Amino acid sequence: MNEVLMRRLFYLSNGPKGVSFRKAAKTHTKGIEALLEEWRGDKTILGELSEYSVALKDKKVLGLLRLLPGKDKSILQLSLYVAPKARENGIGKGLMRSAYDRLKAKRVYLSCDEDRREFSEHFGFGDGKQFPEQFAQDLKPLLMAYDPS
């Protein structure tokens, strides 16, 4: 019984012990660039730093999330990346929950490749039948949506 309760409490928590989630600041720039270099082979921060949220442990950036706010508290999730050594600990989920809560998101949209469907569905995203025009630039084949409430 205790094991089941502990798993449920972990699922409801925002992430693993010792990891904090916050809006990115200038002090996180080098950590974000290092993750981007590891992920894409290019450390260029796309968009504005204010679009990013980070997962931190001992002041080290372990993960990043880029969101583009839209109208009526809708959000387009542009990217999510967690360092390979930090994966499978709930950091991605914690980043998303923290950022969605901070932005008071009513609807989150995601455009990704088909090979990311199962991963996105794991986090509660489903097929997005109507995608807002405000997010219509550079769409990938799969359109998904999530209601955080």
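Asp 127 is partly exposed in this predicted model, because its relative accessible area of 45% falls between the 20% limit for buried and the 50% limit for exposed. Its side chain meets that of Arg 117 in a salt bridge, 2.9 Å from N to O. Arg 117 sits in helix 4 and Asp 127 in strand 6, residues 126-127, so this pair ties together parts that are ten residues apart in sequence.

Now the other partners of Arg 117. Glu 114 forms a salt bridge with Arg 117, and the closest N and O atoms are 2.7 Å apart. Glu 121 forms another with Arg 117, at 3.5 Å. Glu 121 and Arg 117 are both in helix 4, residues 117-122, four residues apart, which is about one turn of the helix.

Which residues do the shared salt bridges join into one network? They are Glu 114, Arg 117, Glu 121 and Asp 127. As for accessibility, Arg 117 is partly exposed at 23%, Glu 114 is partly exposed at 45%, and Glu 121 is partly exposed at 40%. The count of salt bridges comes to four.

Next, helix 2. This helix covers residues 29-40, twelve residues, and at 1.5 Å a residue it should span 16 Å; the C-alpha atoms at its ends are 16 Å apart, which agrees. Are Ile 32, Leu 35 and Leu 36 buried or exposed? They are buried. They cover an arc of only 100 degrees around the axis, so they lie on the same side of helix 2. The buried residues of helix 2 pack against strand 2 (52-57), strand 3 (60-69) and strand 4 (74-82). After helix 2 comes Gly 41, with a positive phi near 80 degrees.

Key. Residues numbered from 1 in each chain as written. Predicted model: local features only at pLDDT ≥ 70, side-chain atom pairs only at ≥ 80, totals over all residues. Heavy atoms only, no water. Helix = DSSP H or I, 4+ residues; strand = E, 2+ residues; numbered from the N terminus. Expected span 1.5 Å × (residues − 1). Buried < 20%, exposed > 50% of the residue type's maximum accessible area, 1.4 Å probe, protein only. Arc of directions from axis to C-beta. Contact = heavy atoms within 4.5 Å.
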